[in-house]
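Visitor: Hello! I am new to this structure and would like to look around its interior. Could you show it to me?

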Amino acid sequence: MNKMLYVENLIKKPSYGSNGYGSNGYGSNGYNNSGYGGSNDAGSGSEPVVIYVQRFSSGPRYTASSFYANSNFGSINGYLLEPGGPSTVLSQQDQRIPAGTYQLHENIIKKGMYELYNEQVSIDRHIKIHAGNSGSDTEGCLLPGSSYNSNGTVFGSVSEYASIMSFILLNGGATNVNIVIVDMP
């Protein structure tokens, strides 16, 4: 199955209910994401662009996800690898972060590297997006890849990482891009 079709089948357009979570598990995030399949007006002072992440497989050392984002500046899609579960907000556990909506913060020491955080997961946990291929290459971070195999490995990580970083920059940087992670159905 082609990667784009696979991602679109996994990640459904959010519903915008009033309770903060739609019936599909991630629904109303409060964002005007008509960009799913269309475009977000990134950089124009409008709502943040959202990178949607749908977890679809896990093993003892990994959690695999597909991701998709679309904006006026283009679209990205691919795969992400995280450590295995269960999910935790605690640091130094070598486990994935909980599903939810995350803001981005540019790492002060490594410019151009972004960290995820929200009300539950402290920025001090240092959950980064960086290149890597397997669960042993991460202690909580998100490892992008252009392809994935069922052994819990992503491939093409360096180029997919560059694509995500470019997408974030083109859309106004960390303050204008959020990440929504959805657990396995």
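Visitor: Is Thr63 buried or exposed?

Guide: Welcome! Keep in mind that this is a predicted model. Thr63 is found in strand 2. Buried means under 20% relative accessible area, and Thr63 has a value of 0%. Therefore Thr63 counts as buried.

Visitor: With which side chain does the side chain of Thr63 make a polar contact?

Guide: Thr63 touches several residues beyond its sequence neighbours, among them Arg55, Leu80, Glu82 and Arg96. A polar contact at 2.9 Å joins the side chain of Thr63 to that of one residue, Arg96.

Visitor: Which element gives the most to the largest nonpolar core?

Guide: That core has 26 residues, and those with the most contacts inside it include Ile51, Leu104 and Ile179. Several elements each supply at least two of its residues, including strand 1 (49-59), strand 10 (177-182) and helix 2 (157-170). With five residues, the top contributor is helix 2.

Visitor: How many residues are in the second, separate core?

Guide: Its members include Ala64, Leu81, Leu143 and Val154. The number of residues in this second core is six.

Visitor: How many nonpolar residues are in the lining of the largest cavity?

Guide: The structure holds one cavity of 30 Å³ or more, and about 50 Å³ of space lies in the largest cavity. Its lining includes Phe67, Leu142 and Ile164, along with Ile51 and Ile179. No polar and no charged residues are in that lining, and the nonpolar ones number eight.

Notes. Residues are numbered from 1 along each chain as its sequence is written. This is a predicted model: local features need pLDDT of at least 70, side-chain atom pairs count only at pLDDT 80 or more; totals for chains, interfaces and linings use all residues. Side-chain values use heavy atoms; hydrogens and water are left out. A nonpolar core is a set of buried Ala, Val, Leu, Ile, Met, Phe, Trp, Tyr and Cys residues joined through side-chain atoms within 4.5 Å. Buried means under 20% relative accessible area, exposed over 50%, partly exposed in between (1.4 Å probe, protein chains only). Helices (H or I, at least four residues) and strands (E, at least two) are DSSP runs, numbered from the N terminus. On a 1 Å grid over the protein atoms alone, a cavity is a set of points where a 1.4 Å probe fits but cannot get out, and a pocket is an open set with protein on both sides within 12 Å along at least five of seven lines; lining residues have an atom within 4 Å of a point. Grid points are joined across faces, edges and corners, and a volume is the space filled by probe spheres set on the points. Ala, Val, Leu, Ile, Met, Phe, Trp, Tyr, Cys and Pro count as nonpolar, Asp, Glu, Lys and Arg as charged, and the others, Gly among them, as polar. A polar contact is a pair of N or O atoms within 3.5 Å; within protein, one must be able to donate a hydrogen and the other to accept it, and residues adjacent in sequence count only if both atoms are side-chain atoms. Contact means heavy atoms within 4.5 Å. Lists of a residue's contacts leave out its neighbours within four places in sequence.
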